[in-house]
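Below is a short briefing on one predicted model. The points are grouped by topic.

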Amino acid sequence: MSAHTPHAALARQPGFLALLAWIGVIGVGALLAGTVIGPLFVPAHDPMADTISDLAAGRGEIIMDVALYGFAAGLFALALACAHVHQGGLAWSAGTLCLAVLAATIVVVGARNEYGDGDAEGVVIHEYLVYGLGVLFTAMPLCLAPRAARLLPWSRPALIGTGLLWAVMSPVFFLLPTDVDGGYERLLGGVACAQVLILAAALFAHARQAQPEHAR
């Protein structure tokens with residue numbers, strides 16, 4: 001079927017694609033807002049020593065929980081967008097699935113309301129979820145990067161760079177003393193947010209390319 005057929009045009013609905021990309025950006029904004037506003041409602045919270053997870057447990061937990069759910073919604077929206085403009089190949093499929101699983105994992109992090117803090121009730125899975133995030137935020141950008149260049153040329157090196165940076169930085173988190181791991185976790189969060197924003201930029205670029213000439 002020709003790339004210029006009505007069916008192909010419908011498959012690239014630019015307005016829908018741009019909306020999904022915007023939801024991804026808003027998700028990043030929600031996460032950043034939560035990390036800034038959350039400490040205001042947690043007594044004696046130390047951004048260097050206390051992790052983001054600490055904000056989502058105890059007093060004021062609803063703020064960080066909502067921030068995490070917002071970020072998860074943004075990741076899921078980008079997964080839908082990547083499926084909508086699938087660039088072919090197993091790597092793109094894997095990256096798209098990584099986005100969806102990331103969204104689900106972050107929802108579980110918020111919903112479980114336990115953060116490996118010594119709570120012996122039930123199954124404490126936070127540590128395993130963190131391991132999952134470490135793998136997924138490495139795999140997702142590296143899988144999407146090669147064909148993301150079709151959407152936006154500079155997104156390929158940017159996704160590769162942030163993916164490798166996450167791969168190098170994330171294992172270090174488990175080796176740090178507890179008086180600095182909170183600050184380091186925020187740096188990692190910044191890398192994850194950068195990955196999302198790079199992908200959103202690529203999708204915005206593709207949405208613009210898909211618009212009719214008279215609408216640009």
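F71 touches G27, V28, L31, I106, F137 and V196, leaving aside residues up to four places away in sequence; contact here means heavy atoms within 4.5 Å. The model is predicted: local features need pLDDT of at least 70 and side-chain atom pairs count only at pLDDT 80 or more, while totals for chains, interfaces and linings use all residues. Residues are numbered from 1 along each chain as its sequence is written, and side-chain values use heavy atoms, with hydrogens and water left out.

**Nonpolar core**

- The largest nonpolar core (buried Ala, Val, Leu, Ile, Met, Phe, Trp, Tyr and Cys residues joined through side-chain atoms within 4.5 Å) has 54 residues.
- F71, L75, L99, F137 and L203 have the most contacts inside this core.
- Two or more residues each come from α2 (14–37), α3 (52–55), α4 (61–84), α5 (90–112), α6, α7 (155–173) and α8 (181–210); helices are DSSP runs of H or I, at least four residues, numbered from the N terminus.
- The element that gives the most to this core is α8, with 13 residues.

**T138**

- T138 sits in helix α6 (residues 126–148).
- T138 counts as buried because its relative accessibility is 18% (buried is under 20% relative accessible area, exposed over 50%, partly exposed in between, with a 1.4 Å probe and protein chains only).
- Not counting residues up to four places away in sequence, T138 touches G163, W166 and A167.

**I37**

- I37 belongs to helix α2.
- With a relative accessible area of 39%, I37 is partly exposed.
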